[in-house]
Amino acid sequence: MSIIDDLKAIEAEAHEGIFGAGDLANLDKIRVAVTGKKGSLTGVLRQMGKLSPQERPQVGKLANEVRNRVEAALEQRRHELEHAALEARIAADSVDVTLPGRVPTVGSEHLISQIIEEMEQIFCGMGYTVEDGPYVETSYNNFTALNAPLDHPSRSARDTFYVVDNNPGSLDYSEVHANGESDILLRTQTSGVQIRTMLKQKPPIYMIAPGTVFRPDTPDACHLPQFNQIEGLVVDEGITFGDLKGTLDYFIREMFGKDRATRYRPHFFPFTEPSCEVDVSCGVCHGEGCRFCKGTGWLEILGCGMVDPNVLDNCGVDHEKYTGFAFGIGAERVAALRYNLPDLRMLMTGDERFLKQF
Ligand code: DAH
């Protein structure tokens, strides 16, 4: 009986294929080839109509059994393959939960940012505002308006980074030509923010302006080509040198400690008259004299003075009505004095072993 032989042959072949299938895609191909619409088993079942009524029950029974067994085998193999695939995925993705975790390194604020923030706190506590100016400044704001004439040595190309504007008009420095000057440069001091502030705001002015400045200096223990200053400016009616001294003494004691003494030495700055440099007593030897203060007992920390009337005139401020004082402090210097740092270059290295200490 050929149909019965066919059924047996189909079953044997299906069985071999099913259990030989290495993955689910192959198994599905076999399922389609055997039990699909055009599958071999389906084809045989279609021929049932040709059988005689006596043969039909016997062959029909066998056909059903074969179909059930093939479907059960397909199901069993599908389970096996799915299980194997899952096992393989688990093995590949395995995470060893007993390993110690990786702790992310958390950054911290740089010492210089901390110092600037602390100075902002001290001056904001006295009612000062915090102003800002651009790194690329006009020579007018950086020098001329600050009473530093064209022949001032700090304007020489050896002392100042001039910027070549290859694309004239691309920088919006409408004040570049204010007095016929057209130079732009990396600012050498934050003092230009004094000019910017007085031009945009009427007195009373009580402001500080922290920011980066640039000079063509070779870095050494006490110099950096790029560092940060905090500028200060007060313009109001009746401001005297007593206000300057009271303000800076208060600031220095807040910053360095109540036990520190100050000393005001006459000096020269083009934009202040009179001008001084201020020293603070050495924190290492308390004024006795040591290596840190080069035996003097004092450490220089800032420049200051009464705003020169010419500067007020340049900004349209009536110098008969208003007076003022100004000061400039190096943030790196404050950090060095406060933490007795032997070399300013440490602040530029980004060495975490150093930076993490603050
Ligand atoms: N701009 C000065 C410098 O870079 C520091 C300075 C001195 C600023 C005296 C001032 C000041 O405002 O009054 O050396």
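**Ligand shell**

I started with the strands around the ligand and found that β6 (226-236), β9 (298-307) and β10 (323-330) each give at least two residues to the shell. The model is a predicted one, and I read every entry below with that in mind. I counted 15 residues around the ligand, with Gln-189, Ser-191, Arg-215, Gln-229 and Glu-231 coming nearest. Sorted by type, the shell holds five nonpolar, eight polar and two charged residues.

Next I looked up polar contacts to ligand oxygen. For Glu-231 I noted a polar side-chain atom 2.6 Å from an oxygen atom of the ligand. For Arg-215 the entry is 2.8 Å, between an N or O atom of the side chain and a ligand oxygen. Phe-327 takes part through its backbone, with an N or O atom 3.2 Å from an oxygen atom of the ligand. I then checked the cover: the ligand alone exposes 360 Å², and the protein buries 89% of that.

**Gln-189**

I went back to Gln-189, one of the residues that come nearest the ligand. I placed Gln-189 in the loop between β4 (184-186) and α7. Is Gln-189 buried or exposed? I logged Gln-189 as buried, because its relative accessibility is 14% and the cut-off for buried is under 20%. Its side chain reaches the backbone oxygen of Asn-142 at 2.9 Å. Leaving out residues up to four places away in sequence, I listed Asn-142, Leu-146, Val-213, Arg-215, Gln-229 and Phe-271 as touching Gln-189. Arg-215 and Gln-229 are on that list, and both are also among the residues that come nearest the ligand.

**Thr-197 and the end of α7**

I moved on to helix α7, which covers residues 192-200 and contains Thr-197. Thr-197 has 1% relative accessibility, so I entered it as buried. Which residues does Thr-197 contact beyond its neighbours within four places in sequence? I found Glu-131, Ile-205 and Met-207.

Between α7 and β5 (205-214) there is a loop, and Pro-204 lies in it. I checked the peptide bond from Pro-203 to Pro-204 and found it cis, with omega near 5°.

**A further cis bond**

I found another cis peptide bond between Glu-273 and Pro-274, where omega is about -5°. Pro-274 sits in strand β8, residues 272-281. I marked such bonds for a second look because most peptide bonds are trans.

**Positive phi in the β8–β9 loop**

I looked for positive phi outside glycine, because most residues other than glycine have a negative phi. His-286 has a positive phi of about 55° and is not a glycine. I located His-286 in the loop between β8 and β9. His-286 is entered as exposed because its relative accessibility is 55%, and the cut-off for exposed is over 50%.

Lys-294 also came up, with a positive phi of about 50° although it is not a glycine. Its place is likewise in the loop between β8 and β9. With a relative accessible area of 72%, Lys-294 is exposed.

**Leu-355**

I then took Leu-355, in helix α11 (residues 352-355). Is Leu-355 buried or exposed? I recorded a relative accessible area of 16%, so Leu-355 is buried. Apart from neighbours within four places in sequence, Leu-355 is in contact with His-110 and Gly-350. I also took a distance to Phe-214: the two residues are 141 apart in sequence and 23 Å apart in space, C-alpha to C-alpha.

**Whole chain**

I finished with the totals. The protein chain has eleven helices and ten strands. Why did I note the chain as more spread out than a compact globule? Its radius of gyration is 43 Å, well over the 21 Å that the globule rule gives for 358 residues. I added the extent of the C-alpha trace along its principal axes, about 130 × 55 × 40 Å.

For burial I wrote down 41% of the 358 residues. For contacts between residues at least 6 apart in sequence, I noted that 67% join residues at least 24 apart. The accessible surface of the chain comes to about 19900 Å², and carbon and sulfur atoms account for 53% of that.

Key
Residues are numbered from 1 along each chain as its sequence is written. This is a predicted model: local features need pLDDT of at least 70, side-chain atom pairs count only at pLDDT 80 or more; totals for chains, interfaces and linings use all residues. Side-chain values use heavy atoms; hydrogens and water are left out. Helices (H or I, at least four residues) and strands (E, at least two) are DSSP runs, numbered from the N terminus. Buried means under 20% relative accessible area, exposed over 50%, partly exposed in between (1.4 Å probe, protein chains only). Contact means heavy atoms within 4.5 Å. A residue is near a molecule or strand if one of its heavy atoms lies within 4 Å of it. A polar contact is a pair of N or O atoms within 3.5 Å; within protein, one must be able to donate a hydrogen and the other to accept it, and residues adjacent in sequence count only if both atoms are side-chain atoms. Accessible areas come from the Shrake-Rupley method with a 1.4 Å probe; for residues, only the protein chains shown count as cover. Ala, Val, Leu, Ile, Met, Phe, Trp, Tyr, Cys and Pro count as nonpolar, Asp, Glu, Lys and Arg as charged, and the others, Gly among them, as polar. The radius of gyration is taken over C-alpha atoms; the globule rule is 2.2 Å times the number of residues to the power 0.38.
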